[in-house]
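Here is a short briefing on one chain. It covers a helix and its ends, then ring contacts.

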Amino acid sequence: PPPVQIAPPIPKSLIGTILDERYQVVGVIGQGGMGTVYEAKHLAIGRMVALKVLKPENAQKPDAIARLRHEARIVSQLGHPNICEVFDIGQLGDGTPYLVMERLRGKTLAERIQEGEPINVTELVEVMIQVLAGLETAHKKNVIHRDMKPDNIFLAERASGIVAKILDFGISKATVPDEQAHHLTRTGMVMGTPYYMAPEQAMGERALDGRVDVWGVGICMFEALTGQRPFVAKNYNALLVQILTVPTPSIAAIRADVPPALATVIERTLEKRRDQRYQSARELADALTPFRK
């Protein structure tokens, strides 16, 4: 018989504890690469919040701590309904830092894609126009996300319908120099998730701008509509070659009911030369607007 896969244990030790005399931890929401997200109650006002706590092995790394503080500082400055809010930052008794964020209910776009049900074109366009509104605000404040992927787009369920929320500005980069952020992005260090990286980002170029996020949104749309990523390979170097040289596969060949004009819009977001892409989040949102029903 195949070996039984044992899931890594979820740290339960924080459940029931009260952090900084304010936040009572009530459960685990999920785990990511950087840490664990808990549900907690803000005791003074009774509001439910999410706490993003660094994993113990990351809590000792100055880079990881700097990323968390960077995220708190950046997101609190952005203040946009399509960006997941950060309310506070604190630390556990052992010095491990945590972020206090809005508690979202729903699922990520990645989870929605994994369900295997094809995503309706209108539904996807609506979500992406909201995402682009959040990115437009970030870009106007000279912040680029640099890791736009389906895991970082949350589909929050509200009485009014789905509200898209951009998550994880941990590796975002201010396009104006910020000395504190500088050591997060050393020369030649490639940040981001490889499948979603724009060519200029994958090459490790320093002078990135909002067009890397336009590319990331394009990859997310391609994957959401087709269930597959446009560029895949067995290792990073082979993937880099794909991103830099291989034409984007035809969406129509994979899914016939996508309007040809929409496929053309997505292809333009995935132009390898950034001067041939949509030049801003706003420009891409305008191109998507006709597909809203």
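**Helix H4 and ring contacts**

Just after H4, Asn142 adopts a positive phi of about 65°. The model is predicted. The points below take H4 from its start, then turn to the aromatic side chains.

**Helix H4**
- H4 covers residues 121-140.
- Asn120 caps its N-terminal end, with a side-chain oxygen 2.7 Å from the backbone nitrogen of Thr122.
- At 1.5 Å a residue, the 20 residues of H4 should span 28 Å, and the end C-alpha atoms are indeed 28 Å apart.
- Of the 20 residues in H4, 14 are buried, so the helix is largely enclosed by the rest of the structure.

**Aromatic pairs**
- The structure contains two aromatic pairs.
- Tyr23 and Tyr98 meet edge-to-face, 6.4 Å centre to centre, with 85° between the planes.
- This pair links distant parts of the chain: Tyr23 is in strand S2 (residues 23-31) and Tyr98 in strand S6 (residues 97-102), 75 residues apart.
- Both Tyr23 and Tyr98 are buried.
- Trp215 and Phe231 are stacked, 6.1 Å centre to centre, with 15° between the planes.
- Trp215 belongs to helix H7 (residues 211-226) and Phe231 to the loop between H7 and helix H8 (236-245), so the pair ties together parts 16 residues apart in sequence.
- Trp215 counts as buried, at 0% relative accessibility.
- Phe231 is buried too, with a relative accessible area of 0%.

**Charges over rings**
- Arg229 places its charged end over the ring of Tyr195, 4.2 Å from the ring centre.
- Arg268 has its charged end over the ring of Tyr278, 4.2 Å from the centre of that ring.

Technical notes
Residues numbered from 1 in each chain as written. Predicted model: local features only at pLDDT ≥ 70, side-chain atom pairs only at ≥ 80, totals over all residues. Heavy atoms only, no water. Helix = DSSP H or I, 4+ residues; strand = E, 2+ residues; numbered from the N terminus. Expected span 1.5 Å × (residues − 1). Buried < 20%, exposed > 50% of the residue type's maximum accessible area, 1.4 Å probe, protein only. Polar contact = N/O pair within 3.5 Å; in protein donor to acceptor, adjacent residues only side chain to side chain. Phe/Tyr/Trp six-rings, centres within 6.5 Å; stacked < 30°, edge-to-face > 60°. Lys NZ or Arg CZ within 6 Å of the ring centre and 35° of its normal.
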